There are 2 protein chains.
Amino acid sequence: MRAIYFDQTLQFRADAPDPTPPPGEALIRTRLAGICNTDLEIMRGYFGFTGILGHEFVGEVVQAETAPELAGKRVVGEINAYCGQCPTCRRGDPTHCPHRTTLGIDRRHGTMADYFTLPVHLLYPVPDAVPDEWAVFTEPLAAACEITDRLHIRPTDRVIVLGDGKLGLLIAQVLQLTGCDLLVVGRHPQKLAVLERRGIRTQLAGDPIEPGADVVVEATGSAEGFAAARGLVRPRGTLVLKSTFHGDVRLNLSMVVVDEVTLVGSRCGPFPAALRLLEQKLVDVEPLIHAVYPLDDGLAAFEQAAAPGVLKVLLTTAS
Amino acid sequence: MRAIYFDQTLQFRADAPDPTPPPGEALIRTRLAGICNTDLEIMRGYFGFTGILGHEFVGEVVQAETAPELAGKRVVGEINAYCGQCPTCRRGDPTHCPHRTTLGIDRRHGTMADYFTLPVHLLYPVPDAVPDEWAVFTEPLAAACEITDRLHIRPTDRVIVLGDGKLGLLIAQVLQLTGCDLLVVGRHPQKLAVLERRGIRTQLAGDPIEPGADVVVEATGSAEGFAAARGLVRPRGTLVLKSTFHGDVRLNLSMVVVDEVTLVGSRCGPFPAALRLLEQKLVDVEPLIHAVYPLDDGLAAFEQAAAPGVLKVLLTTAS
């Protein structure tokens, strides 16, 4: 089968071996796969991953011995393959299972191929009303929903989102639904325009921002973004960290104590909620699609995805 | 009157002017004042304070025109003199009022003197069952209670407190009351013994600690303590920051996101709760007293308080 493989360098392989599903796993044919910033970070050595890339997907179940009702179904799926039995899983934190492998990120081949496998309990059928081009956003949209899952955002809160990348645009749309007083700050007028069309207030980075927000979401992926976010949150406010990037930031611990600020890290989120938002058309992911490439042109697609200002690049297995 | 004054250097002044209470403030005669680590930090230039030091006290109201019922009463008092009218105060966060002055810390003379003044609404009468030597701990004990006020600590949580200083010992006693599985890590066997006698499990820093705690409280006052605390908290766990010290720490933001850790800064806390714990003998502050010095020997008292391994040094105005 065809696959986008990473092993020090990014490679297109026409003759990768077809996967055989282990017990409890489904064989899935990829329909669409999305290129995420995490994929670009992996290419810089993040996580030390070797294998087939890709964790965003919508696919079709080819075979699922332990869940035959899934056969032929269009599905999306969670990316953390957890054990389900350790104290972390039993506590209700399976996405943090210390024994987990992660689709296309950590010791598990990913979705940028004709086929891949995933445990059946991680799969969610896609409602008919949700086309492939929306469903492929379920994983990053779930990551946006993780903010409201971990943190009570009130309709009376003043919230600032820093960053107008793919994740920032999804986060903004999810937070808008809380009724909060929302401002999104970014560097790209054409990306901010996506939000403006939905009635979300935006402004360009560099223009003065009124500090004292109840909640600030850092989604810029930069150390400068963290420093800016820290300066915008009010005493006893909350700073939500969504960016994963290499390297440390400097933090004045004393001011975190004096201002009693809360920092919350947030990663993977709830798939059923994300599917509901897509099905009920409460968020709009289509303007986030920059281009769809055939899987055969995967290397060109990655080059495009890494270019400044580019939103979501998708790969299709259809020819 | 007599006063311990800081102006680049620490001074004992025998002829400081008696204060005149502004409208709405009480004139208070100090009975006991405590030396806090914050006082020692101020002497290193922290906060850039000039004036009479001291924010921990138990005193006697000499005069209180707007609250005559307080006259003659033994009182303790909150240290943040807030405006009560700005959005921050009205939101219920008066200890963060941007217009506040802070007793002996920021633009307000402190308690290490024969007399000082404080707004009457900051004062709490001390129950008869609480002697002066306990009451003087109300402020730091309230700061310990701020942890359970800001964070739900469950009886099923595994909690680690790093640091066996004065604040660490108070925090440990407050957290013990939640029924949680508590471990305190410190560098001083004789301080840890105070907790061991109360049935709290302790161990010396340097010995291996089982990681994966639900909550870790950083109360060492050092950058190393912060790094250690970060390594001990479980995914989705909470790291409580209690130390105020100069300088930045380095933080791997990515791992905070991946592990979805929450960092919570915590400072001044609820006085009524602290007074209840003292009155009901649910915490024991007496073993924390290292020495009581006459106010006249204030400079020697500060020298003593700054020595390694020393717990609380008190100043008395009695001769």
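Contact here means heavy atoms within 4.5 Å. With that cut-off in hand, start at the place where the two chains meet: 39 residues of chain A touch 39 residues of chain B. Keep in mind that this is a predicted model.

How much area is buried between chain A and chain B? About 3,600 Å², and carbon and sulfur atoms give 50% of that. If you want the residues to click on, go for R236(A), L253(A) and V257(A): these supply 18% of the area that chain A buries against chain B, more than any other three residues.

R236(A) has another job for your viewer, since this residue forms a salt bridge with D93(B), the closest N and O atoms being 3.0 Å apart. Side chains of opposite charge can pair when their charged atoms come close. Between chain A and chain B the count is 8 salt bridges, and 21 residue pairs are in polar contact, both partners being at pLDDT 80 or more.

Which elements of chain A give two or more residues to the side that touches chain B? They are α4 (138-150), β15 (233-241), β16 (249-251), α8 (253-258) and β17 (262-265). The largest share, 5 residues, comes from α8(A). Sorted by class, this side of chain A has 15 nonpolar, 11 polar and 13 charged residues.

Now for the strands at the junction. β16(A) is joined by 3 bridges to strand β16 of chain B, residues 249-251, and the two run antiparallel. Look for V249(A), whose bridge partner in β16(B) is L251(B).

Then there is the sheet that runs through both chains. It is open, has 12 strands and shows mixed pairing. Walk along the strands in order and you pass β13(A), β12(A), β11(A), β14(A), β15(A) and β17(A), then go over to β17(B), β15(B), β14(B), β11(B), β12(B) and β13(B). Where does the walk start and stop? The edge strands are β13 (201-204) of chain A and β13 (201-204) of chain B, each of which pairs on one side only. From one strand to the next, the twist averages 20°.

Zoom in on part of that sheet in chain A. β15(A) and β17(A) pair in the parallel sense over 4 bridges, with L239(A) standing opposite L263(A) in β17(A). Helix α6 of chain A, residues 189-196, packs on the sheet and touches β12 (181-186) and β13 of chain A, its direction making about 165° with that of β13(A). Over in chain B, helix α7 (residues 223-232) lies across β11 (158-162), β14 (213-218), β15 (233-241) and β17 (262-265), running at about 150° to β15(B).

Salt bridges turn up within a chain too. Over all chains, the structure holds 38 salt bridges. One to look at is D214(A) with R234(A), where the closest N and O atoms are 2.5 Å apart. This pair links distant parts of the chain: D214(A) is in strand β14 (residues 213-218) of chain A and R234(A) is in strand β15 of chain A, 20 residues apart.

Next, go to the beginning of chain A. Here 3 strands form an open antiparallel sheet in the order β2-β1-β4. Its edge strands are β2 (9-13) and β4 (51-52) of chain A. Strand β1 of chain A, residues 3-7, pairs with β2(A) in the antiparallel sense over 5 bridges, and Y5(A) stands opposite Q11(A) in β2(A). Which helix lies across β1 and β2 of chain A? That is α10 of chain A, residues 298-306, which runs at about 145° to β2(A).

Finish in chain B, with a set of antiparallel pairings. Strand β3 (residues 25-35) and strand β5 (residues 56-63) of chain B pair over 7 bridges in the antiparallel sense, and the bridge partner of G34(B) in β5(B) is E56(B). β5(B) is also joined by 2 bridges to strand β6 of chain B, residues 74-77, again running antiparallel; G59(B) stands opposite V75(B) in β6(B).

Key: Residues numbered from 1 in each chain as written. Chains lettered and ligands numbered in written order. Predicted model: local features only at pLDDT ≥ 70, side-chain atom pairs only at ≥ 80, totals over all residues. Heavy atoms only, no water. Buried area = accessible area lost by both parts, 1.4 Å probe. Salt bridge = Lys/Arg side-chain N within 4 Å of Asp/Glu carboxyl O. Polar contact = N/O pair within 3.5 Å; in protein donor to acceptor, adjacent residues only side chain to side chain. Nonpolar A, V, L, I, M, F, W, Y, C, P; charged D, E, K, R; others polar. Pairing = 2+ DSSP bridges. Axes fitted to C-alpha atoms, helices over the stretch in contact; angles between N-to-C directions.
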